[in-house]
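Dear colleague,

Please find the structure below, handed over for your records. My findings follow directly after it.

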Amino acid sequence: MAFYFYLLLGFIGGIPAGMGMGGGTVTIPLLTLLGGVDQKIAQCANLFAFVPMSAFALKTHARNGLLKTEGVLWIILPAMLLSLAGVLLAGALSSAFLQKSFGAFLIGLSFFGFFKAFQA
């Protein structure tokens, strides 16, 4: 029964991810708050799900002629190095600290979105 519950959480989190709205901002709280999953595991699951989604997005953008490849190494190399640094840092930090930090990030993001909505 737990499998179906987590499958449902995956679908709920995958819908905003598929629409380009940042599925991690939905998936991670769903897994931690409703699923009782440890923060590190939830973040790992979100990153693991990102790999196939980004591969499909890359294929779609390439098919539509939306890829610009000049200078791509100047983006990829630092991104890979900083991702590795982030993984090592997240592994060294406690789940409680990561959970509070992610919560603060979501609160800040919601304030940014709220005030940006009134600037238009």
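The chain holds 5 helices and 0 strands, so that, read from the N terminus, its elements run α-α-α-α-α. Please note that this is a predicted model. Taken along the principal axes, the C-alpha atoms fill a box of roughly 45 × 40 × 30 Å.

I begin with the packing of two helices. In general, a pair of packed helices is described by the angle between their axes and by the distance between those axes. For H1 and H2, the angle is about 155 degrees and the axes are 8 Å apart. Angles over 145 degrees count as roughly antiparallel, and H1 and H2 are therefore roughly antiparallel to each other. Their crossing is right-handed.

Which residues bring H1 and H2 together? On the side of H1, the residues in contact are Phe5, Tyr6, Leu9, Ile12, Gly13 and Pro16. They meet Val26, Thr27, Leu30, Leu31 and Leu34 of H2. Sorted by class, this contact comprises 9 nonpolar and 2 polar residues, with no charged residues.

I turn next to the pockets. As a general point, rolling a probe the size of a water molecule over the atoms shows where empty space is left. The largest pocket has a volume of about 670 Å³. Its lining consists of 24 residues, and those nearest the centre of the pocket are Ala17, Gly23, Gly24, Asn46 and Met53. Four elements each give two or more residues to this lining: helix H1 (2-18), helix H2 (24-34), helix H3 (39-63) and helix H5 (95-119). The lining of the largest pocket is divided by class into 12 nonpolar and 12 polar residues, and no charged residues are found there.

The second largest pocket contains about 330 Å³ of space. Its lining is made up of Lys40, Gln43, Cys44, Leu47, Ser83, Gly86, Val87, Leu89, Ala90, Gly91, Leu93 and Leu98. The elements that contribute two or more residues here are H3 and helix H4 (73-92). Of the elements, H4 gives the most to this lining, with 6 residues. By class, the lining of the second largest pocket has 7 nonpolar, 4 polar and 1 charged residues.

In brief, the points to look at in the model are the right-handed crossing of H1 and H2, the largest pocket of about 670 Å³, and the second largest pocket, to whose lining H4 gives the most.

With kind regards

Definitions and conventions
Residues are numbered from 1 along each chain as its sequence is written. This is a predicted model: local features need pLDDT of at least 70, side-chain atom pairs count only at pLDDT 80 or more; totals for chains, interfaces and linings use all residues. Side-chain values use heavy atoms; hydrogens and water are left out. On a 1 Å grid over the protein atoms alone, a cavity is a set of points where a 1.4 Å probe fits but cannot get out, and a pocket is an open set with protein on both sides within 12 Å along at least five of seven lines; lining residues have an atom within 4 Å of a point. Grid points are joined across faces, edges and corners, and a volume is the space filled by probe spheres set on the points. Ala, Val, Leu, Ile, Met, Phe, Trp, Tyr, Cys and Pro count as nonpolar, Asp, Glu, Lys and Arg as charged, and the others, Gly among them, as polar. Axes are lines fitted to C-alpha atoms, for helices over the stretch in contact, and angles run from 0 to 180 degrees between N-to-C directions. Angles under 35 degrees count as roughly parallel, over 145 as roughly antiparallel, 65 to 115 as roughly perpendicular and the rest as oblique. A crossing is left-handed if the near helix is turned anticlockwise from the far one by less than a right angle, and right-handed if clockwise. Contact means heavy atoms within 4.5 Å.
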